[in-house]
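Student: I should like to learn how to read a protein structure, one feature at a time. May we begin with the terms that such a reading requires?

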Amino acid sequence: VSMANQQVAVEPLVGGGFSMAGVRPVSRMAVAPMHSVSPMNVGRFSKPSVTKFSAVSRPQQLKVNVEKKMSVGDLKKEELDGKVALVRCDLNVPLDGKTITDDTRIRASIPTIKHLVESGAKVLLTSHLGRPKDGPEDKFSLAPVAARLSELLGQDVTFVKDCIGEPVKEAVATMTPGSVALLENVRFYKEETKNEPEFAKKLAANADLFVNDAFGTAHRAHGSTEGVPLTSSLPSLDSFFRRSSTTFRRCAEPARPFAAIVGGSKVSSKIGVIESLLEKVDKLVIGGGMVFTFLKARGLEVGSSLVEEDKLELAKDLERIAKEKGVELILPTDVVLADAFAKDANTQVADATAIPEGWMGLDQGPKATEEIIAALKDCKTVIWNGPMGVFEFEAFSKGTFGVADALADLTKGGATTIIGGGDSVAAVEQAGLADQMSHISTGGGASLELLEGKVLPGVAALNAA
Ligand SMILES: Nc1ncnc2c1ncn2[C@@H]1O[C@H](COP(=O)(O)OP(=O)(O)O)[C@@H](O)[C@H]1O
Ligand SMILES: O=C(OP(=O)(O)O)[C@H](O)COP(=O)(O)O
C-alpha cells in the first residue's frame with residue numbers, strides 16, 4: 001500500500017474515523033445518561049419575558065429578549081410550541097457499511113431533542129457524517145441515523161433527502177408539533193465547510209430558532225455551526241456547552257501529574273494542539289496515527305504508515321519544546337505492523353526504530369503499552385483523545401484497550417480521567433469501560449481546543465447572536 005493510498009484509506013473519515021467490515025460488536029446500545037451532556041442548564045439565566053419567534057419581529061426580539069448564549073432548556077413549552085427548531089447535532093457516528101457501531105453521539109443528542117418534542121416544537125435535525133469530498137455519497141448518508149433516532153425517541157423520525165431547498169420546505173409543511181425530521185448530511189454541500197453565508201441562510205430558511213447541540217463540531221467554523229447563528233436572523237441557543245466548558249476548565253488547574261494522550265488519525269487537525277498542551281501537561285503520550293509523523297521527524301523509517309509530511313518540522317519542534325519544558329514526551333518503543341490496512345492483514349511486532357519498507361504501523365506494541373501504563377500510574381488527571389491504534393480491527397486493538405483498562409484503574413484510584421472524541425468514546429464503550437471514566441465527551445478536537453483555551457467558533461457565534 002503506497003502512502004498515497006494509505007492516506008485515502010484513513011483521511012476520508014466516516015463517523016470520525018472508520019468504515020469497513022468486521023468491527024467488534026457494539027456492547028451497549030441502551031439510552032444511558034451521558035456525563036458530559038447536559039442539554040439544559042435551567043435557572044442560571046433569567047427567563048426572557050417575551051420569546052415569541054414570529055417571522056416578522058425576530059431580530060428585535062433576539063436582541064432584546066434572548067440573553068446571550070441562552071440554553072434551549074431555559075425556554076418553556078409556551079415559547080417553543082409549534083415553532084420550527086433547527087438543531088445542529090453531531091450525529092457523526094462510526095459506521096460499518098450501514099450499521100452504526102457506536103451510537104453514543106445519537107444518545108447524547110436525545111435530551112435536547114426530547115425537550116423540544118415535549119415542548120411541542122417541530123424539530124429539524126441537521127448534522128454532518130464523515131468527510132465527503134465532492135457532493136452526495138451513499139456511504140456518508142445519515143439515513144441509518146434516522147432509524148436509530150426513531151428507536152431511541154420511540155417515535156417516527158422523517159428522513160429528508162436534502163438539507164436545504166424544496167424537500168425541507170415540503171417536510172416542514174407537513175410537520176406537526178412534537179414531530180422530528182432528520183436532514184441529509186450537510187457536508188454534501190461544499191458550501192457548508194466553506195461557510196458560505198448564502199448557504200447558511202438556506203439552512204435557516206424554514207426555521208424559527210436555531211439550537212447548537214453539536215459540541216463535537218463546535219471547533220469548526222462551518223455553515224451549520226457558525227454561519228447560521230451569525231448570518232441568519234434566527235434566535236440562536238446552546239444546549240450544553242456551558243457544562244462541557246466547565247469540565248474542561250477544570251483542567252486549567254488539574255491535579256498533578258497531568259497527562260494528555262493524543263492519538264487517532266486526524267493528525268493534521270490535532271498536532272497543532274500539542275504545542276499548547278505542552279504548556280499544561282507533565283506527560284504527553286503520542287499514540288495512533290500521530291506516532292509516525294513524530295518517528296519520521298526523528299529521521300526514522302516508517303514504511304507506509306500514516307504520515308503528514310508537512311507536519312514533520314512541527315513534530316521536530318514539539319519534541320524540542322517538550323525537552324525545554326521538561327515535559328515527558330512518550331512515543332511507543334514498539335509497534336504492531338501490518339502489510340495492508342485490513343483486519344486480516346499479515347502482522348508483526350517491530351521496534352519503532354526498525355519499521356521495514358512496505359509495512360504500516362496500526363497499533364503500538366505490547367512493550368509500549370506497558371511503558372505507557374507505567375508512565376500514567378502516578379497521574380491524577382488524564383485527558384485522552386484519539387485511539388492508540390486501529391482498534392476497530394481486533395489485531396490492532398490491544399494498545400487502545402490496554403490504555404482504556406489502565407485509565408479505568410486510575411479512575412478507581414481517585415484520578416480524573418476524561419475521554420473525548422467519537423472514536424475514542426466508541427473504543428471505551430466497546431471495552432465496556434465508559435462508565436468507569438470520570439467524564440466522557442462526544443468531542444475530541446473540540447475538547448482539545450477547549451483545553452487549549454480557545455473559544456470555539458460554534459460557541460462564539462452563539463455569544464455573538
Ligand atoms: N496507526 C494508525 N493508522 C491509521 N489510523 C489509525 C491509527 N491509529 C488509530 N487510527 C484510527 O484513528 C481513528 C480515530 O481518529 P480520530 O478521529 O482522530 O479520533 P476521535 O474520533 O476519538 O477524535 C480510528 O478510526 C482509528 O482506526
Ligand atoms: O468526529 C468529530 O471530531 P473528533 O474526531 O475530533 O471527535 C466531529 O464530528 C467533527 O468532525 P470533523 O473532524 O470531520 O470536523
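Tutor: Let us begin with contact: two residues touch when heavy atoms lie within 4.5 Å. Please note also that this is a predicted model.

Student: What covers the buried residues of helix 16?

Tutor: The cover includes helix 4 (104-118), strand 15, helix 15, strand 16 and strand 17 (439-441). A residue counts as buried when its relative accessible area is under 20%. In helix 16, 9 of the 9 residues are buried, so this helix is largely enclosed by the rest of the structure. Those buried residues include the charged-letter positions Asp 423 and Glu 429, together with Gly 422 and Gln 430. After helix 16 comes Gly 432, with a positive phi near 75°.

Student: How many of the residues of helix 15 are buried?

Tutor: The general idea comes first. An α-helix has 3.6 residues a turn, so residues three or four places apart point the same way. In this structure, 11 of the 15 residues of helix 15 are buried, so helix 15 is largely enclosed by the rest of the structure. Among them are Phe 401, Val 403, Leu 407 and Leu 410. The elements that cover these buried residues include strand 9 (258-262), strand 14, helix 14, strand 15 (381-385), strand 16 (416-420) and helix 16 (422-430).

Student: What length does helix 15 reach from its first C-alpha to its last?

Tutor: Helix 15 spans residues 398-412 and reaches 21 Å, close to the 21 Å expected at 1.5 Å a residue. Just after helix 15, Gly 414 has a positive phi of about 105°.

Student: Let us turn to strands. In what order do the 3 strands of the open sheet stand?

Tutor: The order is 13-12-14, and the pairing is antiparallel. An edge strand pairs on one side only, as do strand 13 (347-351) and strand 14 (360-364) here. From one strand to the next, the twist averages 40°. Helix 14 (residues 366-376) packs on this sheet and touches strand 12, strand 13 and strand 14. The direction of helix 14 makes about 40° with that of strand 14.

Student: How many bridges join strand 12 to strand 14?

Tutor: There are 4 bridges between strand 12 (residues 334-338) and strand 14. As one case, Val 335 has Gln 364 of strand 14 as its bridge partner.

Student: Which strands pair with strand 4 in the parallel sense?

Tutor: Strand 1 (residues 84-88) is joined to strand 4 by 5 bridges and runs parallel to it. Strand 6 also pairs with strand 4 in the parallel sense, over 3 bridges. Ala 85 stands opposite Val 123 of strand 4, while Leu 125 has Leu 182 of strand 6 as its bridge partner.

Student: Which residues of strand 4 point one way, and which the other?

Tutor: Lys 122, Leu 124 and Thr 126 point one way, whereas Val 123 and Leu 125 point the other way. Strand 4 (residues 122-126) is mostly covered, with 5 of its 5 residues buried.

Student: Finally, is Ser 179 buried or exposed?

Tutor: Ser 179 has a relative accessible area of 18% and is therefore buried. Ser 179 is located in the loop between helix 6 (166-174) and strand 6 (180-183). Leaving aside residues up to four places away in sequence, Ser 179 touches Ala 121, Lys 122, Val 123 and Gln 155. In addition, a polar atom of the Ser 179 side chain lies 2.6 Å from the backbone oxygen of Thr 176.

Note on methods:
Residues numbered from 1 in each chain as written. Chains lettered and ligands numbered in written order. Predicted model: local features only at pLDDT ≥ 70, side-chain atom pairs only at ≥ 80, totals over all residues. Heavy atoms only, no water. Pairing = 2+ DSSP bridges. Helix = DSSP H or I, 4+ residues; strand = E, 2+ residues; numbered from the N terminus. Axes fitted to C-alpha atoms, helices over the stretch in contact; angles between N-to-C directions. Buried < 20%, exposed > 50% of the residue type's maximum accessible area, 1.4 Å probe, protein only. Polar contact = N/O pair within 3.5 Å; in protein donor to acceptor, adjacent residues only side chain to side chain. Expected span 1.5 Å × (residues − 1).
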